[in-house]
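User: I have a structure to discuss before I plan my next week. Could you take me through it, starting with the general layout?

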Amino acid sequence: MAFIEIESETGIKVPDSPTIGYIEGDGIGPDISRVAIKVLNSAVEMAYHGNKSVEWKKVIAGDEAYEKTGKHLPQESLDMLKKCVISIKGPLTTPIGEGFRSLNVTLRQYFDLYANVRPVRYFPGVPSPVKNPELVNMVIFRENTEDLYAGIEWRYNSDEAKMIRWYLNEKFQVKIPDDAGIGIKPISKFKSTRLVRKAIQYAIQNHRKSVTLVHKGNIMKYTEGAFKEWGYEVAREEFKDYTVTEEEYSNSPGTSSWKIVIKDRITDNMFQQVLTRTQDYDIIATTNLNGDYLSDAIAAQVGGLGIAPGGNIGDVYAIFEAVHGTAPKYAGMDIANPTSLILSGAMMLRHIGWVEASDIIEEAVGECYREQKVTQDMARVMNVKALKCSEFGDEVVKRMRKSSS
Ligand code: NAP
């Protein structure tokens with residue numbers, strides 16, 4: 001097995017046949033993983049004619065791991081994901097009950113995968129609820145490790161909540177109702193800065209036009225507002241030669257047109273802006289809760305979560321994933337839509353520098369949608385015959401052959 005090597009604090013070295021970890025996932029996970037791996041292998045073969053290939057290493061997690069080991073996320077699985085450095089995963093059931101954390105959140109925190117990255121663009125042919133979905137071409141960088149998702153909260157009647165309410169009243173004369181639960185929203189300079197840094201680096205590498213800092217700083221000044229300030233600061237201090245603020249740009253648009261425009265929008269305004277001025281938005285950097293809402297809302301503009309890819313990316317480790325859940329009612333029926341996982345795989349190949357294979361996949365998936373070769377979730381809206389999950393994968397592979405011959 002040839003593992004991807006960590007070269008520096010932020011760099012990786014990818015061999016020609018890297019071992020890449022994969023978690024099949026629960027529910028529809030095995031169906032869509034099987035198809036995605038087949039598609040990825042075909043694209044790599046087609047792009048590099050045998051000079052590059054992926055050696056897949058299955059890693060167990062979720063229901064399968066629980067059945068085999070009594071744990072949803074055994075230490076051996078975490079160790080193997082660490083060895084692989086880069087992995088891909090299907091959806092995992094969030095175990096219900098006291099004391100359980102979402103496995104996804106656990107993975108993000110264990111590997112410090114601080115950026116949830118969601119490229120959202122339109123594939124012609126996909127049914128969309130908006131008039132001009134083709135205007136959507138955005139990449140959302142959502143902070144993944146803090147904010148209200150840090151899990152610091154207490155039930156309204158717990159001793160901790162009582163103590164905090166008492167403390168706030170005693171020390172700061174802040175009165176909180178006796179029946180209020182308490183949640184804490186930490187937003188730090190270090191974590192905000194590294195997230196915005198990653199978004200700007202991506203914008204530079206991919207020749208994008210703007211980075212919009214989305215925040216609710218008009219109300220939450222020292223958390224959301226601080227995120228915005230730190231975002232501008234990192235742009236100014238570390239990317240001075242590449243960026244310009246919106247204000248500077250409006251003052252002299254001609255001279256700085258080649259630079260990335262850094263702007264900010266208040267969250268509620270941003271929800272309407274992405275609908276009414278869609279073409280003005282490109283890369284988005286935002287806090288955890290805003291990002292959670294906004295990324296699904298933008299994905300809805302281009303046809304929903306079934307086709308949206310995602311990656312959880314840290315300085316070196318990264319786990320790419322389908323953004324939808326386990327859709328248990330379709331488990332094992334070979335009818336789920338594997339597009340999200342396939343495109344997450346394409347995103348993963350791009351991330352390791354295998355751009356040619358990634359392009360081949362995106363092109364072929366786009367062609368399937370243009371030709372209305374789709375699974376039941378889309379077929380029922382388009383009024384066309386539905387393909388099975390595996391048949392959709394075959395159609396993607398078929399179109400790869402077509403486009404490269
Ligand atoms: P879900 O699994 O995403 O499914 C909700 C509905 O979305 C399905 O009933 C189906 O709609 C549609 N759908 C989702 N993915 C699809 C696909 N690939 N192909 C076709 N249709 C698809 O959401 P959920 O029911 O709220 O969550 C189920 C479990 O997944 C929960 O345990 C949750 O915690 C977990 N989850 C995991 C992740 C993750 O691992 N990243 C993310 C979200 C949720 P129709 O019924 O209309 O056909």
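Analyst: Helices (H or I, at least four residues) and strands (E, at least two) are DSSP runs, numbered from the N terminus. By that definition, the protein contains 14 helices and 17 strands.

User: What kind of model is it, and how are residues numbered?

Analyst: This is a predicted model, in which local features need pLDDT of at least 70 and side-chain atom pairs count only at pLDDT 80 or more, while totals for chains, interfaces and linings use all residues. Residues are numbered from 1 along each chain as its sequence is written, and side-chain values use heavy atoms, with hydrogens and water left out.

User: What radius of gyration does the protein have, and what would a compact globule have?

Analyst: The radius of gyration is taken over C-alpha atoms, and the globule rule is 2.2 Å times the number of residues to the power 0.38. For 405 residues, that rule puts a compact globule near 22 Å, and the protein agrees, having 22 Å. Along the principal axes, the C-alpha atoms fill a box of roughly 70 × 60 × 50 Å.

User: How much of the protein is buried?

Analyst: Buried residues (under 20% relative accessible area; exposed is over 50%, and partly exposed is in between, with a 1.4 Å probe and protein chains only) make up 51% of the 405 residues. The accessible surface, from the Shrake-Rupley method with a 1.4 Å probe, comes to about 19200 Å², and carbon and sulfur atoms hold 51% of that surface.

User: And what share of the contacts is between residues 24 or more positions apart?

Analyst: Contact means heavy atoms within 4.5 Å. Among contacts with a separation of 6 or more, 72% are between residues 24 or more positions apart.

User: How many charged side chains of each sign are there?

Analyst: Lys and Arg count as positive and Asp and Glu as negative, with His and the chain ends not counted. The protein has 50 positive and 54 negative side chains. With each charge placed at NZ of Lys, CZ of Arg, CG of Asp or CD of Glu, the centres of the two sets lie 2 Å apart.

User: Changing topic: how many disulfides are there?

Analyst: A disulfide, here a pair of cysteine sulfur atoms within 2.5 Å, is found 0 times in a search of the whole structure. Cys-389 is in none, and the nearest cysteine sulfur, belonging to Cys-368, is 12 Å away.

User: Is Cys-389 buried or exposed?

Analyst: Cys-389 is buried, with a relative accessible area of 0%. Cys-84 is likewise buried, at 0%.

User: Let us turn to the backbone. Which sign does phi usually have?

Analyst: Most residues other than glycine have a negative phi. Val-85, although not a glycine, has a positive phi of about 70°. Its place is the loop between helix H3 (75-84) and strand S5 (86-89), and Val-85 is buried at 3% relative accessible area.

User: What about Ala-327?

Analyst: Ala-327 has a positive phi of about 30°, and this residue is not a glycine either. Ala-327 sits in the loop between strand S15 (318-322) and helix H11 (339-351), where its relative accessibility of 29% counts as partly exposed.

User: Which residues does Ile-4 contact?

Analyst: Leaving aside neighbours within four places in sequence, the contacts of Ile-4 include Cys-84, Val-85 and Ile-352. Ile-4 lies in the segment before strand S1 (5-8) and is buried, with a relative accessible area of 4%.

User: Where is Val-126?

Analyst: Val-126 is in the loop between strand S6 (115-121) and strand S7 (137-143), and is buried at 2% relative accessible area. Beyond its neighbours within four places in sequence, Val-126 is in contact with residues including Val-302, Tyr-369 and Met-382. The C-alpha atoms of Val-126 and Ala-327 are separated by 20 Å, although 201 residues apart along the chain.

User: Last ones: is Ser-210 buried or exposed, and which residues does Asp-296 contact?

Analyst: Ser-210, in strand S10 (residues 210-215), counts as buried at 5% relative accessibility. Not counting residues up to four places away in sequence, Ser-210 touches Asp-280 and Asp-282, among others. Asp-296 is in helix H10 (residues 288-301) and is partly exposed, with a relative accessible area of 29%. Leaving aside neighbours within four places in sequence, Asp-296 is in contact with Arg-118 and Leu-305.
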